[in-house]
Amino acid sequence: KDSILASSLIGNSVMTLENKGLSEIPCQTLKEVNSSIRDHLKTLKVNGNKVQSLPEELISLLPSLTTLEASKNQLTSLPQDISQWRLSIFLLNTNQLTSTVVSSVNLGHTLTHLDLSNNQLGYIPALGKLPELHTLNLSFNAISSVSTDDGRRWEQGVPALA
């Protein structure tokens, strides 16, 4: 895994662990990376792996992270409080996330781009207050209803979103 991390740094702010066959994000190995490098990483790309969950400890390991790309994995769960991560870009397309999982997550207020396309969303989950959100991609899901802020679902007249 050391060689994976050594070859994954792009400049001082991007780490790419794409298409490495990883079943988890190697937090223990990340801990061994020089803290001055970790503290300045802005982008982590783990696309195209077999990751099933994102570890809670990722925020303490990468405190400056603003972009997390975790597309084309096998994600079925997310940490409950992502608001501490201060992400602006969160790409989760082509995973196995359900509406129930997504609606239970506190996404925070810093997100500008959220991609949940090509997952297993049956309804549009209540996402909380996202005042900075510019792009929300929910395409290629089987959405048949919309959750309101009070947890009810609105199903009348919801257009097909595929």
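Is lysine 31 buried, exposed or partly exposed? In this predicted model, lysine 31 has a relative accessible area of 40%, so it falls into the partly exposed group. That residue is a handy way into the structure, and its partner comes up again further down.

First, the overall picture. The protein chain has 162 residues, and 44% of them count as buried. Its secondary structure adds up to five helices and ten strands. Among contacts between residues at least 6 apart in sequence, 42% join residues at least 24 apart. As for confidence, the mean pLDDT of the chain is 87, with 86% of the residues reaching 70 or more. Residues 156-162 are another matter: the pLDDT there is below 50, and beyond near neighbours in sequence this stretch has eight contacts in the model. Where pLDDT is low, the predicted coordinates should not be read in detail.

Next comes the sheet. Seven strands make up an open sheet with mixed pairing, and going across it the order reads E1-E2-E3-E4-E5-E6-E8. Strand E1 (9-10) and strand E8 (135-137) sit at the edges with a single partner strand each, so one side of each has no neighbour in the sheet. Strands of a sheet pair through backbone hydrogen bonds, and they can do this in a parallel or an antiparallel way. For E5 and strand E6 (residues 113-115), the pairing is parallel, with three bridges joining the two. One residue pair to look for here is isoleucine 89 and histidine 113, which is its bridge partner in E6.

Isoleucine 89 also turns up in the surroundings of threonine 67. Threonine 67 belongs to strand E4 (residues 67-69), and its relative accessibility is 10%, so it counts as buried. Setting aside residues up to four places away in sequence, threonine 67 touches Lys42, Thr43, Leu44, Leu87 and Ile89.

Then there is the nonpolar packing. The largest nonpolar core holds 39 residues, and Leu54, Phe90 and Leu92 have the most contacts inside it. H2, H4 and H5 are the elements that give two or more residues to this core, and H4 supplies the largest share, three residues. Phenylalanine 90 has quite a list of contacts: leaving out neighbours within four places in sequence, they are Leu54, Leu68, Leu78, Ile82, Leu107, Leu111, His113, Leu114 and Asp115.

Asp115 is also one of the contacts of asparagine 93. Asparagine 93 is found in the loop between strand E5 (89-91) and helix H5 (99-103). Is asparagine 93 buried or exposed? With a relative accessibility of 15%, asparagine 93 counts as buried, because the cut-off for buried is under 20%. Its side chain and that of serine 71 are joined by a polar contact of 2.3 Å. Apart from neighbours within four places in sequence, asparagine 93 is in contact with Ser71, Lys72, Asp115, Ser117 and Asn119.

Threonine 94 is in the loop between E5 and H5 as well. At 26% relative accessibility, threonine 94 counts as partly exposed. Its phi is near 60°, a positive value in a residue other than glycine. Arginine 86, in the loop between E4 and E5, also has a positive phi, of about 60°, although it is not a glycine. This arginine counts as exposed, at 59% relative accessibility.

Back to lysine 31 and its partner. How many salt bridges are there? The count comes to one. The side chains of glutamate 57 and lysine 31 meet in a salt bridge, with 3.2 Å from N to O. Glutamate 57 lies in the loop between strand E3 (43-45) and helix H4 (58-61), while lysine 31 is in helix H2 (residues 27-31), so the pair ties together parts that are 26 residues apart in sequence. Glutamate 57, at 32% relative accessibility, counts as partly exposed, and lysine 31 is partly exposed too.

A last spot to find is glycine 128, in the loop between strand E7 (123-124) and E8. Glycine 128 has 52% relative accessibility, so it counts as exposed. From C-alpha to C-alpha, glycine 128 and glycine 108 are 8.0 Å apart in space, and 20 residues separate the two in sequence.

Notes: Residues numbered from 1 in each chain as written. Predicted model: local features only at pLDDT ≥ 70, side-chain atom pairs only at ≥ 80, totals over all residues. Heavy atoms only, no water. Helix = DSSP H or I, 4+ residues; strand = E, 2+ residues; numbered from the N terminus. Buried < 20%, exposed > 50% of the residue type's maximum accessible area, 1.4 Å probe, protein only. Polar contact = N/O pair within 3.5 Å; in protein donor to acceptor, adjacent residues only side chain to side chain. Contact = heavy atoms within 4.5 Å. Pairing = 2+ DSSP bridges. Salt bridge = Lys/Arg side-chain N within 4 Å of Asp/Glu carboxyl O. Core = buried A, V, L, I, M, F, W, Y, C linked by side-chain atoms within 4.5 Å. pLDDT = per-residue confidence, 0-100.
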